[in-house]
Each structure stands twice: as C-alpha cells, then as structure tokens.
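Got the viewer open? Follow along and select each stop as we get to it.

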Amino acid sequence: MAEPVSLTVVSLIAGGFLAEAGSGTWRSATRIANFLRRKFGSDQTAVGALQQCEEAPTDESTRSNLRAVIDRYLDGDSQFREDLLSTLESEGYSRDEVQNNRVAVSDHANVGKIVQIKSVQGDVSF
C-alpha cells in the first residue's frame, strides 16, 4: 500500500502539471518535482517515472509508478523522508496534513480516485 506521503506528493505533482503554467499550483509542483529530480540523481528509473508523470499527469499508471518509486525511497532512506517533508512544508503543507494525506487545495486540481481533502479554495475535479 502506498504511503500517505507518496500519495500526497504524486497528487500535488500531477495536479500542478495540469494547472495553468505560471500559477501557484504549477510553481509548487515544479519545485517539488525539482527536489525529487535532484534526490533521484542518476537513478534513471526514478527520473523516468517522474518525467512520465509530468508529461501524462492524468494517466493512473504513471502516477502509480511514481508513487512506487517515492515509496521505495521513503522506505530506504530516512533522510529522504525528512528532506521531502521539509520541502513540502516550504510549499505550505504541514507535516500532519501530508503524513495523514489531508491536503488543502487552493486554485484548481484534478484528483485521482483516492483523496482526502481538508479544505478547498477553488475548483476540484474528480
């Protein structure tokens, strides 16, 4: 089962790359994706999963692949977890929201089948 942290991250990235370029949601997703890209380094499987999710954010299989990669990193590297949570905090998401998969959405988002939303300011499509 996917961790709440990876579910949250993939939802934010996929939603961000569906948002209008230059919007706050898009900028946040871009910063999170850049963090992941730096952490993945030369792991071409991980970088490829991230790139596929950026290119096809509505495709469930690309989101699932990225979740699996993030889960693998979360399971194997406690510093990755800490750095990822810090990055998400810098984007305005509290650790409690992320670790319990309750993310507030501001602006617009397209969401997959599994989601728990704390509050919404804007539009959400299911």
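Start by selecting Leu85 and showing whatever touches it: setting aside neighbours within four places in sequence, Leu85 is in contact with Val5, Arg95, Val98 and Gln99. Bear in mind as you click around that this is a predicted model. Leu85 sits in helix H5, which covers residues 78-90. Is Leu85 buried or exposed? Its relative accessible area is 2%, and the cut-off for buried is under 20%, so Leu85 counts as buried. Now put a distance on Leu85 and Val5, C-alpha to C-alpha: you should get 8.2 Å, although the two are 80 residues apart in sequence.

For contrast, hop over to Asp75. You'll find Asp75 in helix H4, residues 60-76. At 62% relative accessibility, Asp75 counts as exposed. Try the distance trick here too: Asp75 and Glu3 are 72 residues apart in sequence, and their C-alpha atoms are 9.5 Å apart in space.

Time to zoom out and colour by secondary structure. The chain has six helices and two strands. Walking from the N terminus, the order of elements is α-α-α-α-α-α-β-β. Switch on a surface if you like: the accessible surface comes to about 6600 Å², with 48% of that belonging to carbon and sulfur atoms. Of the 126 residues in the chain, 43% count as buried. As for contacts with a separation of 6 or more, 47% of them are between residues 24 or more positions apart.

Next, select residues 24-40, which is helix H2. How far apart should the ends of H2 be? At 1.5 Å a residue, its 17 residues should span 24 Å, and the end C-alpha atoms are indeed 24 Å apart, so the two figures agree. Show side chains along H2 and look for the buried ones: Thr25, Ser28, Ala29, Thr30, Ile32, Ala33, Phe35, Leu36 and Phe40. Step one further and you land on Gly41, which follows H2 and has a positive phi, near 55°.

Now for the inside. In soluble globular proteins, nonpolar side chains tend to be buried together. Here, the largest nonpolar core has 27 residues, and the members touching the most other members are Val9, Leu36, Phe40, Leu66, Ile70, Phe80 and Leu84. Helices H1 (4-18), H2, H3 (44-55), H4 and H5 each give two or more residues to this core. H1 gives the most, with six residues.

Keep Phe80 selected and look at what surrounds it. Not counting residues up to four places away in sequence, Phe80 touches Phe35, Leu36, Lys39, Phe40, Ile70, Tyr73 and Leu74.

Last stop: the rings. The structure holds three aromatic pairs. Take Phe40 and Tyr73: their ring centres are 4.9 Å apart and their planes are at 50°, so this pair is tilted. The pair links distant parts of the chain, with Phe40 in helix H2 and Tyr73 in helix H4, 33 residues apart. Both Phe40 and Tyr73 are buried. Then pick Tyr73 with Phe80, another tilted pair, at 5.4 Å centre to centre and 50° between the planes. Phe80, like Tyr73, is buried. To finish, select Phe35, Phe40, Tyr73 and Phe80 together, and you have one aromatic cluster on screen.

Notes: Residues are numbered from 1 along each chain as its sequence is written. This is a predicted model: local features need pLDDT of at least 70, side-chain atom pairs count only at pLDDT 80 or more; totals for chains, interfaces and linings use all residues. Side-chain values use heavy atoms; hydrogens and water are left out. Helices (H or I, at least four residues) and strands (E, at least two) are DSSP runs, numbered from the N terminus. The expected span of a helix is 1.5 Å times one less than its number of residues. Buried means under 20% relative accessible area, exposed over 50%, partly exposed in between (1.4 Å probe, protein chains only). Contact means heavy atoms within 4.5 Å. Accessible areas come from the Shrake-Rupley method with a 1.4 Å probe; for residues, only the protein chains shown count as cover. A nonpolar core is a set of buried Ala, Val, Leu, Ile, Met, Phe, Trp, Tyr and Cys residues joined through side-chain atoms within 4.5 Å. Rings of Phe, Tyr and Trp (its six-membered ring) pair if their centres lie within 6.5 Å; planes under 30 degrees apart count as stacked, over 60 as edge-to-face and the rest as tilted.
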